[in-house]
Amino acid sequence: MTDAPGSRPLFGAADIRALADELGIRPTKTLGQNFVIDGNTIRRIVAAAKIDPDETVLEVGPGLGSLTLGLLDAAARVVAVEIDPVLAGRLPATVARWRPDAVGRFDLVLSDALKVTELPQEPSAVVANLPYNVAVPVVLHLLEHFPSLRHGLVMVQDEVADRLAAQPGSKVYGVPSVKAAWYGTMRKAGVIGMNVFWPAPKIHSGLVGFARTEPPATSATRREVFAVIDAAFAQRRKTLRAALSGWAGTGAEAERILHAAGVDPQARGEVLGVADFARIAEHKDSAAGAAETGAVR
Ligand SMILES: C[S@@+](CC[C@H](N)C(=O)[O-])C[C@H]1O[C@@H](n2cnc3c(N)ncnc32)[C@H](O)[C@@H]1O
(Lines give C-alpha, C1' and ligand atoms only; values in the text may rest on other atoms or scores of the structure.)
Protein backbone atom coordinates (compact mmCIF):
# COMPACT_ATOMS: atom_id res chain seq x y z
CA MET A 1 0.00 0.00 0.00
CA THR A 2 1.25 3.48 -0.77
CA ASP A 3 0.06 6.46 1.17
CA ALA A 4 -1.25 9.61 -0.46
CA PRO A 5 1.29 12.45 -0.36
CA GLY A 6 0.99 14.49 2.82
CA SER A 7 -1.17 11.95 4.64
CA ARG A 8 -0.02 10.13 7.74
CA PRO A 9 1.11 6.58 7.18
CA LEU A 10 -1.59 4.03 7.67
CA PHE A 11 -0.98 0.54 8.56
CA GLY A 12 -0.50 -1.25 5.23
CA ALA A 13 -1.09 -4.77 3.96
CA ALA A 14 2.44 -5.92 4.76
CA ASP A 15 2.27 -4.48 8.29
CA ILE A 16 -1.07 -6.15 8.93
CA ARG A 17 0.13 -9.53 7.70
CA ALA A 18 3.32 -9.20 9.78
CA LEU A 19 1.32 -8.36 12.89
CA ALA A 20 -1.12 -11.22 12.28
CA ASP A 21 1.84 -13.63 11.88
CA GLU A 22 3.46 -12.33 15.03
CA LEU A 23 0.22 -12.82 16.98
CA GLY A 24 -0.33 -16.22 15.36
CA ILE A 25 -3.75 -15.08 14.13
CA ARG A 26 -5.85 -17.23 11.84
CA PRO A 27 -8.82 -15.00 10.95
CA THR A 28 -12.05 -16.78 11.88
CA LYS A 29 -15.30 -16.74 9.92
CA THR A 30 -17.31 -17.09 13.12
CA LEU A 31 -16.11 -13.66 14.24
CA GLY A 32 -16.34 -12.21 10.71
CA GLN A 33 -12.61 -11.45 10.69
CA ASN A 34 -11.87 -9.87 7.30
CA PHE A 35 -9.35 -7.12 7.86
CA VAL A 36 -9.09 -4.05 5.62
CA ILE A 37 -5.56 -3.91 4.20
CA ASP A 38 -5.95 -0.96 1.84
CA GLY A 39 -5.23 2.58 2.98
CA ASN A 40 -7.44 4.18 0.34
CA THR A 41 -10.44 2.19 1.58
CA ILE A 42 -9.75 3.32 5.14
CA ARG A 43 -9.60 6.95 3.97
CA ARG A 44 -12.79 6.49 1.97
CA ILE A 45 -14.66 5.11 5.00
CA VAL A 46 -13.38 7.85 7.29
CA ALA A 47 -14.24 10.59 4.74
CA ALA A 48 -17.74 9.17 4.15
CA ALA A 49 -18.37 9.12 7.92
CA LYS A 50 -18.10 12.96 8.04
CA ILE A 51 -16.70 13.06 11.55
CA ASP A 52 -16.22 16.43 13.23
CA PRO A 53 -12.83 16.84 14.92
CA ASP A 54 -14.45 17.18 18.36
CA GLU A 55 -16.38 13.89 18.15
CA THR A 56 -16.02 10.67 20.10
CA VAL A 57 -16.36 7.73 17.72
CA LEU A 58 -17.41 4.22 18.66
CA GLU A 59 -15.73 1.51 16.60
CA VAL A 60 -17.02 -2.06 16.82
CA GLY A 61 -14.49 -4.77 16.02
CA PRO A 62 -11.23 -2.81 15.64
CA GLY A 63 -9.42 -6.05 14.80
CA LEU A 64 -5.77 -5.37 13.97
CA GLY A 65 -6.40 -1.61 14.05
CA SER A 66 -6.31 -0.30 10.47
CA LEU A 67 -9.62 1.60 10.66
CA THR A 68 -8.90 2.60 14.27
CA LEU A 69 -5.77 4.49 13.18
CA GLY A 70 -7.72 6.28 10.42
CA LEU A 71 -10.44 7.24 12.93
CA LEU A 72 -7.87 8.56 15.40
CA ASP A 73 -6.73 11.01 12.68
CA ALA A 74 -10.27 12.36 12.25
CA ALA A 75 -11.90 12.27 15.70
CA ALA A 76 -11.18 13.65 19.16
CA ARG A 77 -11.51 10.19 20.74
CA VAL A 78 -12.12 6.60 19.70
CA VAL A 79 -13.76 3.97 21.90
CA ALA A 80 -13.33 0.51 20.42
CA VAL A 81 -15.23 -2.65 21.42
CA GLU A 82 -13.52 -5.91 20.44
CA ILE A 83 -14.60 -9.43 21.38
CA ASP A 84 -11.34 -11.24 20.51
CA PRO A 85 -8.93 -11.02 23.47
CA VAL A 86 -5.81 -11.59 21.34
CA LEU A 87 -6.68 -8.73 18.97
CA ALA A 88 -7.83 -6.49 21.82
CA GLY A 89 -4.64 -7.23 23.77
CA ARG A 90 -2.45 -5.95 20.95
CA LEU A 91 -4.39 -2.79 20.03
CA PRO A 92 -2.94 -0.41 22.66
CA ALA A 93 0.60 -1.25 21.42
CA THR A 94 -0.48 -0.76 17.78
CA VAL A 95 -1.90 2.68 18.61
CA ALA A 96 1.23 3.57 20.62
CA ARG A 97 3.48 2.57 17.73
CA TRP A 98 1.58 4.15 14.83
CA ARG A 99 -0.17 7.08 16.52
CA PRO A 100 1.86 7.80 19.69
CA ASP A 101 0.10 11.19 20.03
CA ALA A 102 -3.29 9.44 20.21
CA VAL A 103 -2.66 7.05 23.11
CA GLY A 104 -4.64 9.21 25.57
CA ARG A 105 -7.55 9.53 23.11
CA PHE A 106 -8.13 5.82 22.69
CA ASP A 107 -10.21 3.51 24.90
CA LEU A 108 -10.57 -0.20 24.41
CA VAL A 109 -13.39 -2.34 25.76
CA LEU A 110 -12.98 -6.12 25.59
CA SER A 111 -16.58 -7.21 25.12
CA ASP A 112 -19.26 -8.60 22.85
CA ALA A 113 -20.78 -5.54 21.17
CA LEU A 114 -24.19 -7.21 21.46
CA LYS A 115 -23.91 -7.10 25.24
CA VAL A 116 -22.28 -3.75 25.83
CA THR A 117 -24.57 -1.21 27.51
CA GLU A 118 -21.98 1.15 29.00
CA LEU A 119 -18.88 2.76 27.56
CA PRO A 120 -16.09 4.81 29.14
CA GLN A 121 -16.98 7.76 26.85
CA GLU A 122 -20.27 8.86 25.30
CA PRO A 123 -19.90 8.41 21.52
CA SER A 124 -21.70 10.69 19.06
CA ALA A 125 -20.84 8.56 16.02
CA VAL A 126 -20.32 4.90 15.20
CA VAL A 127 -17.95 3.86 12.42
CA ALA A 128 -17.23 0.19 11.90
CA ASN A 129 -16.35 -2.59 9.54
CA LEU A 130 -18.84 -4.91 11.19
CA PRO A 131 -18.58 -8.66 11.65
CA TYR A 132 -21.04 -9.68 8.93
CA ASN A 133 -22.91 -12.44 10.73
CA VAL A 134 -24.09 -10.09 13.50
CA ALA A 135 -24.14 -6.76 11.66
CA VAL A 136 -27.87 -6.00 11.88
CA PRO A 137 -28.31 -7.02 15.55
CA VAL A 138 -25.20 -4.97 16.44
CA VAL A 139 -26.51 -1.87 14.64
CA LEU A 140 -29.93 -2.14 16.32
CA HIS A 141 -28.40 -2.87 19.75
CA LEU A 142 -26.11 0.17 19.57
CA LEU A 143 -28.85 2.51 18.39
CA GLU A 144 -31.14 1.33 21.18
CA HIS A 145 -28.60 1.48 24.01
CA PHE A 146 -26.57 4.55 23.01
CA PRO A 147 -28.94 7.45 22.29
CA SER A 148 -25.89 9.72 22.16
CA LEU A 149 -25.11 8.20 18.74
CA ARG A 150 -26.31 10.84 16.26
CA HIS A 151 -24.79 9.47 13.08
CA GLY A 152 -22.52 6.81 11.69
CA LEU A 153 -21.18 4.77 8.84
CA VAL A 154 -20.94 1.01 8.82
CA MET A 155 -19.54 -1.48 6.36
CA VAL A 156 -21.66 -4.63 6.04
CA GLN A 157 -22.35 -7.32 3.45
CA ASP A 158 -23.56 -5.44 0.35
CA GLU A 159 -26.91 -7.20 0.34
CA VAL A 160 -27.43 -6.25 4.01
CA ALA A 161 -26.52 -2.63 3.18
CA ASP A 162 -29.30 -2.65 0.57
CA ARG A 163 -31.74 -4.10 3.08
CA LEU A 164 -30.88 -1.60 5.79
CA ALA A 165 -31.36 1.32 3.39
CA ALA A 166 -34.44 -0.07 1.58
CA GLN A 167 -37.66 1.95 1.38
CA PRO A 168 -41.24 0.57 1.54
CA GLY A 169 -42.23 -1.15 -1.69
CA SER A 170 -38.69 -2.27 -2.53
CA LYS A 171 -38.06 -6.01 -3.02
CA VAL A 172 -35.45 -6.10 -0.29
CA TYR A 173 -37.46 -4.07 2.24
CA GLY A 174 -37.94 -6.12 5.39
CA VAL A 175 -37.43 -6.34 9.14
CA PRO A 176 -33.94 -4.71 9.20
CA SER A 177 -35.19 -1.80 7.02
CA VAL A 178 -38.21 -1.01 9.21
CA LYS A 179 -36.47 -1.50 12.55
CA ALA A 180 -33.54 0.66 11.46
CA ALA A 181 -36.03 3.33 10.33
CA TRP A 182 -37.34 3.49 13.93
CA TYR A 183 -33.97 5.01 14.87
CA GLY A 184 -33.13 7.11 11.85
CA THR A 185 -32.45 7.43 8.17
CA MET A 186 -30.15 4.93 6.50
CA ARG A 187 -28.61 5.59 3.09
CA LYS A 188 -26.35 3.44 0.97
CA ALA A 189 -23.00 5.16 0.66
CA GLY A 190 -21.05 2.90 -1.69
CA VAL A 191 -19.86 -0.58 -2.58
CA ILE A 192 -16.45 -1.99 -1.61
CA GLY A 193 -14.73 -4.77 -3.56
CA MET A 194 -13.34 -7.97 -2.08
CA ASN A 195 -9.65 -7.35 -2.69
CA VAL A 196 -9.22 -4.70 -0.03
CA PHE A 197 -9.60 -7.36 2.67
CA TRP A 198 -7.45 -10.08 4.10
CA PRO A 199 -8.68 -12.72 3.86
CA ALA A 200 -10.81 -11.68 0.85
CA PRO A 201 -14.51 -12.43 1.38
CA LYS A 202 -16.55 -14.02 -1.42
CA ILE A 203 -19.02 -11.15 -1.60
CA HIS A 204 -18.98 -7.39 -2.00
CA SER A 205 -19.40 -5.10 0.95
CA GLY A 206 -21.59 -2.03 1.20
CA LEU A 207 -21.32 1.19 3.15
CA VAL A 208 -24.39 2.48 4.97
CA GLY A 209 -24.59 5.96 6.44
CA PHE A 210 -26.94 6.68 9.31
CA ALA A 211 -28.49 9.86 10.70
CA ARG A 212 -30.64 9.62 13.82
CA THR A 213 -34.18 10.94 13.72
CA GLU A 214 -36.94 10.86 16.35
CA PRO A 215 -39.01 7.67 16.33
CA PRO A 216 -42.64 8.09 15.21
CA ALA A 217 -44.84 9.75 17.83
CA THR A 218 -46.87 6.86 19.27
CA SER A 219 -48.34 5.62 22.52
CA ALA A 220 -47.02 2.11 21.73
CA THR A 221 -43.65 1.07 23.10
CA ARG A 222 -40.70 0.24 20.87
CA ARG A 223 -41.08 -3.44 21.80
CA GLU A 224 -44.78 -3.42 20.85
CA VAL A 225 -43.99 -1.85 17.48
CA PHE A 226 -41.16 -4.31 16.82
CA ALA A 227 -43.51 -7.24 17.66
CA VAL A 228 -45.90 -6.12 14.89
CA ILE A 229 -43.00 -5.76 12.44
CA ASP A 230 -41.75 -9.28 13.25
CA ALA A 231 -45.26 -10.74 12.84
CA ALA A 232 -45.94 -8.91 9.55
CA PHE A 233 -42.70 -10.09 7.91
CA ALA A 234 -42.65 -13.63 9.34
CA GLN A 235 -45.09 -14.45 6.53
CA ARG A 236 -44.29 -11.70 4.05
CA ARG A 237 -46.24 -13.21 1.15
CA LYS A 238 -49.47 -13.14 3.17
CA THR A 239 -51.84 -10.20 3.52
CA LEU A 240 -51.53 -8.25 6.75
CA ARG A 241 -54.87 -9.63 7.93
CA ALA A 242 -53.50 -13.19 7.69
CA ALA A 243 -49.96 -12.41 8.81
CA LEU A 244 -51.15 -10.55 11.92
CA SER A 245 -53.91 -12.98 12.97
CA GLY A 246 -51.66 -14.81 15.46
CA TRP A 247 -50.33 -11.56 16.88
CA ALA A 248 -53.86 -10.08 17.21
CA GLY A 249 -55.52 -13.29 18.46
CA THR A 250 -57.80 -13.85 15.45
CA GLY A 251 -58.07 -12.78 11.82
CA ALA A 252 -61.17 -10.73 12.62
CA GLU A 253 -59.34 -8.90 15.38
CA ALA A 254 -56.38 -8.27 13.05
CA GLU A 255 -58.83 -6.78 10.55
CA ARG A 256 -60.40 -4.54 13.21
CA ILE A 257 -56.98 -3.27 14.31
CA LEU A 258 -55.85 -2.63 10.72
CA HIS A 259 -59.04 -0.69 9.91
CA ALA A 260 -58.68 1.34 13.10
CA ALA A 261 -55.08 2.13 12.12
CA GLY A 262 -56.15 3.19 8.60
CA VAL A 263 -54.27 0.32 6.94
CA ASP A 264 -55.76 -1.91 4.20
CA PRO A 265 -56.00 -5.47 5.66
CA GLN A 266 -55.36 -6.89 2.17
CA ALA A 267 -52.02 -5.04 1.87
CA ARG A 268 -48.68 -6.68 2.65
CA GLY A 269 -46.18 -5.53 5.26
CA GLU A 270 -43.65 -4.60 2.60
CA VAL A 271 -45.60 -1.46 1.65
CA LEU A 272 -45.81 -0.03 5.17
CA GLY A 273 -43.45 2.45 6.80
CA VAL A 274 -42.40 2.39 10.43
CA ALA A 275 -45.08 4.98 11.37
CA ASP A 276 -47.78 2.63 9.97
CA PHE A 277 -46.50 -0.23 12.14
CA ALA A 278 -46.53 2.10 15.15
CA ARG A 279 -50.19 2.98 14.46
CA ILE A 280 -51.10 -0.72 14.18
CA ALA A 281 -49.37 -1.46 17.50
CA GLU A 282 -51.28 1.42 19.13
CA HIS A 283 -54.64 -0.02 18.17
CA LYS A 284 -54.08 -3.45 19.65
CA ASP A 285 -56.45 -4.05 22.53
CA SER A 286 -54.16 -6.10 24.75
CA ALA A 287 -57.09 -7.33 26.89
CA ALA A 288 -58.85 -8.80 23.81
CA GLY A 289 -55.62 -10.41 22.57
CA ALA A 290 -54.93 -11.91 25.99
CA ALA A 291 -58.46 -13.35 26.24
CA GLU A 292 -58.17 -15.00 22.80
CA THR A 293 -54.86 -16.65 23.51
CA GLY A 294 -55.71 -17.49 27.11
CA ALA A 295 -52.62 -15.59 28.26
CA VAL A 296 -52.75 -14.19 31.79
CA ARG A 297 -51.20 -10.76 32.28
C1 LIG B 1 -14.72 -7.38 9.65
S2 LIG B 1 -13.55 -7.43 10.98
C3 LIG B 1 -13.05 -5.74 11.02
C4 LIG B 1 -11.66 -5.53 11.60
C5 LIG B 1 -11.08 -4.12 11.42
N6 LIG B 1 -11.95 -3.10 11.94
C7 LIG B 1 -10.78 -3.85 9.96
O8 LIG B 1 -11.56 -3.11 9.35
O9 LIG B 1 -9.80 -4.37 9.46
C10 LIG B 1 -14.68 -7.59 12.37
C11 LIG B 1 -14.06 -7.46 13.75
O12 LIG B 1 -15.11 -7.56 14.72
C13 LIG B 1 -14.72 -8.43 15.79
N14 LIG B 1 -15.96 -8.98 16.34
C15 LIG B 1 -16.68 -10.05 15.88
N16 LIG B 1 -17.81 -10.22 16.60
C17 LIG B 1 -17.81 -9.21 17.53
C18 LIG B 1 -18.72 -8.85 18.57
N19 LIG B 1 -19.85 -9.53 18.78
N20 LIG B 1 -18.41 -7.79 19.35
C21 LIG B 1 -17.26 -7.08 19.13
N22 LIG B 1 -16.37 -7.38 18.16
C23 LIG B 1 -16.64 -8.42 17.37
C24 LIG B 1 -13.78 -9.43 15.13
O25 LIG B 1 -12.94 -10.06 16.06
C26 LIG B 1 -13.04 -8.51 14.13
O27 LIG B 1 -11.95 -7.90 14.76
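**Ligand shell and sheet in a predicted model**

Author: In this predicted model, 22 residues surround the ligand, and Val 36, Gly 61, Glu 82, Ala 113 and Asn 129 come nearest.

Reader: What makes a residue near the ligand?

Author: A residue is near if one of its heavy atoms lies within 4 Å of the ligand. The residues around the ligand number 22.

Reader: Why is the pair formed by the ligand and Val 36 called a polar contact?

Author: A polar contact is a pair of N or O atoms within 3.5 Å. An oxygen atom of the ligand lies 2.8 Å from a polar backbone atom of Val 36, so this pair meets the cut-off. For Gly 61, a ligand nitrogen is 2.7 Å from a polar backbone atom. With Asp 112, a nitrogen atom of the ligand is 2.9 Å from an N or O atom in the side chain.

Reader: How much of the ligand does the protein bury?

Author: Taken alone, the ligand exposes 600 Å², and the protein buries 98% of that. β1 (35-36) and β3 (77-82) are the elements that give two or more residues to the shell.

Reader: Which classes of residue make up that shell?

Author: Ten are nonpolar, eight polar and four charged.

Reader: Why are β4 and β7 said to stand at the edges of the sheet?

Author: The open sheet has seven strands, in the order β4-β3-β2-β5-β6-β9-β7. β4 (106-110) and β7 (184-192) each have a single partner strand, so one side of each is left without a neighbour in the sheet.

Reader: How do you know that β7 and β9 pair?

Author: Pairing takes at least two bridges. Eight bridges join β7 to β9 (residues 205-212), so the two strands pair, and they run antiparallel. Arg 187 has Gly 209 in β9 as its bridge partner.

Key:
Residues are numbered from 1 along each chain as its sequence is written. This is a predicted model: local features need pLDDT of at least 70, side-chain atom pairs count only at pLDDT 80 or more; totals for chains, interfaces and linings use all residues. Side-chain values use heavy atoms; hydrogens and water are left out. A polar contact is a pair of N or O atoms within 3.5 Å; within protein, one must be able to donate a hydrogen and the other to accept it, and residues adjacent in sequence count only if both atoms are side-chain atoms. Accessible areas come from the Shrake-Rupley method with a 1.4 Å probe; for residues, only the protein chains shown count as cover. Helices (H or I, at least four residues) and strands (E, at least two) are DSSP runs, numbered from the N terminus. Ala, Val, Leu, Ile, Met, Phe, Trp, Tyr, Cys and Pro count as nonpolar, Asp, Glu, Lys and Arg as charged, and the others, Gly among them, as polar.
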